[in-house]
Amino acid sequence: MNREIPLEKLRNIGIVAHIDAGKTTTTERILYYTGRIHRIGEVDEGTAAMDWMEQEQERGITITAASTACFWKDYQINIIDTPGHVDFTVEVERSLKVLDGCVVVFCGVGGVEPQSETVWRQADRYRVARLAYVNKLDRTGSDFLGVVKQMKEKLGAKPLILQLPLGREDNFQGIIDLLEEKALIYDIDPEGLGYRTQEIPEDFKTMASEYRERLVERLAELDEPLMYKFIHSEEISLLDLREAIRRVTLKNKAVPVVCGASLRNKGIQPLLDAICAYLPSPLDRKLITGKNPFTHELIEREVDSEEALSALCFKVMVDPYIGKLSYFRIYSGKLTTGMYVYNANKRIKERIQKLVRMHANKQEIITEASAGDIVACVGLKETVTGETICTEEYPILLESIHFPEPVISMAIEPMSKADQERLSLALHKMEEEDPTFKVRYNSETNQTLIWGMGELHLEIILERIAREFNVETRSGKPQVAYKETIRKKVMAEGKFIQQTGGKGQYGKVVIEVEPGEKNSGIVFENRITRGVIPKEFIPAVEEGIRETAQTGVLANFPVIDIKVTLIDGAYHEVDSSEFSFRMAGSLALREALKKGEPVLMEPIMDIEVITPEEYLGDVLGDLNSRRAQIVSLGQRGNVKTIRGFVPLAEMFGYVTRIRSLTQGRGSYMMEPSFYQEVPREILDKVLSGIF
């Protein structure tokens with residue numbers, strides 16, 4: 001696997017989708033056809049190579065993003081198979097940050113589902129080029145063109161249909177390649193290793209011809225070189241079309257759409273061809289930009305192994321045998337075993353003890369990796385997710401990764417006092433691995449609280465603590481992760497003065513605090529002039545403010561969405577210190593929060609409920625009783641869909657309720673959307689429930 005592949009022949013891709021669209025099944029087929037595995041694993045049987053965790057095999061879902069490398073023709077494809085469940089959306093977020101392209105898998109029956117929209121928005125954020133694969137076209141109710149229509153309407157995508165299904169549902173035999181104008185029939189090998197190519201059957205010729213014309217016209221609209229040939233009636237070759245598709249895909253102007261049925265081994269080879277033909281190589285990025293960690297000047301580096309090193313840590317895993325594994329995407333330069341690297345975030349040096357290429361949870365030791373590679377290494381004790389490693393002589397700080405805030409919490413304690421230390425160690429390791437999992441100790445109640453993205457997220461954490469660390473725990477009921485903010489702009493002063501003989505403490509700050517923009521967190525701005533507070537004490541003021549913002553004044557919940565501006569202060573030549581200014585900043589914010597009309601904020605979830613039509617009234621009535629705001633009603637096949645927003649506090653135990661209302665035929669999907677002020681009539685109930 002250490003074979004030399006030129007960068008233009010390398011593809012770093014992710015496979016992303018809504019839960020149950022067939023991501024892992026598709027990945028297993030890709031690994032089988034590329035010779036990476038010698039037996040096709042099945043998700044339903046718990047034998048999928050990429051779902052290696054026990055919990056993944058038992059539940060038939062992907063929990064952690066697994067990476068592997070395989071070869072197709074003369075290309076190397078590094079693949080990350082990501083979870084579809086919204087509780088593990090962080091795995092998709094961090095994977096998309098370091099990938100060049102992704103395959104978005106859509107279910108031919110379910111179409112564009114809520115989590116499909118989430119991953120699409122995440123790909124938009126990181127400007128990742130996409131290829132769409134419509135799967136499960138052998139299933140009853142599948143509708144390829146219906147899914148393409150939903151891509152336009154729900155995602156605002158510009159789909160380029162490159163293939164049409166040959167038949168549908170039970171009659172799905174293969175695919176029609178619109179570029180080659182051929183039919184690929186999968187009837188010569190049950191494992192799909194071979195297929196035969198033939199003329200397009202008469203029944204499909206008119207349709208295929210019409211869609212090919214549309215494809216050429218659409219491409220001409222989007223691509224100037226092709227537009228020129230089209231207008232001047234010049235001959236447009238197959239190569240012209242392929243190059244135009246690649247250009248518009250790389251610019252995110254359009255999304256090529258291919259199709260298949262992964263479970264029936266149909267359509268995977270043409271999907272692999274499309275990945276190699278249309279998705280970007282690391283070279284298509286051309287330049288990587290970052291900042292100098294000391295001067296904050298913008299730095300540009302070429303994606304080249306001869307450049308200075310720059311790599312981003314996008315995942316940390318604690319391996320029971322070898323310790324901490326750090327996953328990296330190398331953007332420029334080289335990594336070698338034994339070399340010292342510089343962590344630009346923490347400004348420390350660390351040594352790489354071992355370099356490995358991963359295949360799910362199996363490791364292949366390598367001695368060197370260079371620009372474009374995705375590898376893991378052992379030996380970095382301090383480096384965590386989102387941090388940059390580089391060389392000390394040429395430091396660079398790459399943009400970090402955006403992680404959503406946890407929305408649910410739970411109290412946890414070990415069954416026996418003897419296990420307290422082991423539980424603390426387990427929680428610390430999991431916090432290192434997962435940026436959306438937080439551990440906090442509440443000194444008022446003497447409780448350890450764990451915070452996560454949903455009930456399933458925390459359930460998996462508890463299972464892992466029991467299995468991997470052999471610690472039995474007791475846990476409380478899941479609680480909503482409320483937040484606090486303020487309604488009005490205020491000014492506050494903080495003084496920390498202790499001058500009673502010997503070296504004292506002196507720090508005084510004046511701050512202005514106002515409501516910030518939605519999802520802005522805590523924004524700190526320094527407007528100190530004329531050296532009223534020495535420069536070296538400003539970071540201590542910010543530190544004190546950020547520490548204090550962890551516990552608000554209403555009910556000790558973290559404070560969000562405020563802007564804090566440092567406008568004045570005073571210091572003492574001898575007695576001032578970082579500690580005194582940290583305390584002054586803390587006291588000032590506490591005072592400002594009290595004066596600023598504090599309010600409690602609750603997480604609001606984006607929800608989609610799917611129900612047979614006969615139960616629609618009951619389901620809507622139940623949602624209204626949960627303070628839901630219904631946004632739209634839709635039809636998907638023979639079921640109704642309800643989209644809306646609902647407070648998380650009202651949704652505990654909803655899975656049981658929806659089943660009983662619909663005789664087990666309804667389902668739902670929800671994800672965190674935004675925080676909103678708790679209505680006054682609910683506030684007193686919430687506060688009395690907390691204390």
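Helices (H or I, at least four residues) and strands (E, at least two) are DSSP runs, numbered from the N terminus. By this convention T485 lies in strand β30, which spans residues 483–486. The model is predicted, so local features need pLDDT of at least 70 and side-chain atom pairs count only at pLDDT 80 or more, while totals for chains, interfaces and linings use all residues. Residues are numbered from 1 along each chain as its sequence is written, and side-chain values use heavy atoms, with hydrogens and water left out.

## The chain as a whole

The protein chain contains 16 helices and 38 strands. Of its 691 residues, 57% are buried, where buried means under 20% relative accessible area, exposed means over 50%, and partly exposed lies in between (1.4 Å probe, protein chains only). A contact is defined by heavy atoms within 4.5 Å. Among contacts between residues at least 6 apart in sequence, 73% join residues at least 24 apart.

## Three buried strand residues

T485 of strand β30 counts as buried because its relative accessibility is 8%. A polar atom of the T485 side chain lies 3.4 Å from the backbone oxygen of D561. Polar contacts are pairs of N or O atoms within 3.5 Å; within protein, one atom must be able to donate a hydrogen and the other to accept it, and residues adjacent in sequence count only if both atoms are side-chain atoms. Leaving aside residues up to four places away in sequence, T485 touches V559, I560, D561, I562, E597, P598, V599 and M601.

D606 belongs to strand β35 (residues 598–612). This residue is classed as buried because its relative accessibility is 14%. Its side chain and that of R643 are joined by a polar contact of 3.2 Å. The residues that D606 touches, again excluding those up to four places away in sequence, are R643, G644, F645, M669, M670, E671 and S673.

A69 is located in strand β2 (residues 66–72). With a relative accessibility of 1%, A69 counts as buried. A69 and R36 are separated by 33 residues in sequence, and their C-alpha atoms are 8.0 Å apart in space.

## Two helix pairs

Helix axes are lines fitted to C-alpha atoms over the stretch in contact, and angles run from 0 to 180 degrees between N-to-C directions. Helix α10 (residues 420–433) packs against helix α11 (residues 455–469) at an angle of about 120°, with the axes 11 Å apart. The pair is therefore oblique; angles under 35 degrees count as roughly parallel, over 145 as roughly antiparallel, 65 to 115 as roughly perpendicular and the rest as oblique. The crossing of α10 and α11 is right-handed, a term used if the near helix is turned clockwise from the far one by less than a right angle, whereas an anticlockwise turn is left-handed. On the α10 side the contact involves R422, L423, A426, L427, K429, M430 and E433, which meet I461, R464, I465 and F469 of α11. By class, this contact has seven nonpolar, no polar and four charged residues. Here Ala, Val, Leu, Ile, Met, Phe, Trp, Tyr, Cys and Pro count as nonpolar, Asp, Glu, Lys and Arg as charged, and the others, Gly among them, as polar.

The second pair comprises helix α14 (residues 616–625) and helix α15 (residues 654–661), whose axes come within 10 Å and cross at roughly 150°. This angle makes α14 roughly antiparallel to α15. The crossing of α14 and α15 is right-handed. D618, V619, D622 and L623 of α14 form the contact with Y654, R657, I658 and L661 of α15. The contact of α14 with α15 has five nonpolar, no polar and three charged residues.

## Helix α7 and residues with positive phi

At the start of helix α7 (residues 224–231), a side-chain oxygen of D223 reaches to within 3.2 Å of the backbone nitrogen of L226. S233 follows α7 and has a positive phi. The table lists S233 with two further residues of positive phi.

| Residue | Phi | Place |
|---|---|---|
| E169 | near 50° | loop between β7 (163–166) and β8 (174–177) |
| S233 | near 50° | follows α7 |
| N470 | about 55° | loop between α11 and β28 (473–475) |

E169 is a residue other than glycine, and N470 likewise is not a glycine. E169 is partly exposed, with a relative accessible area of 26%. N470 counts as exposed because its relative accessibility is 55%.
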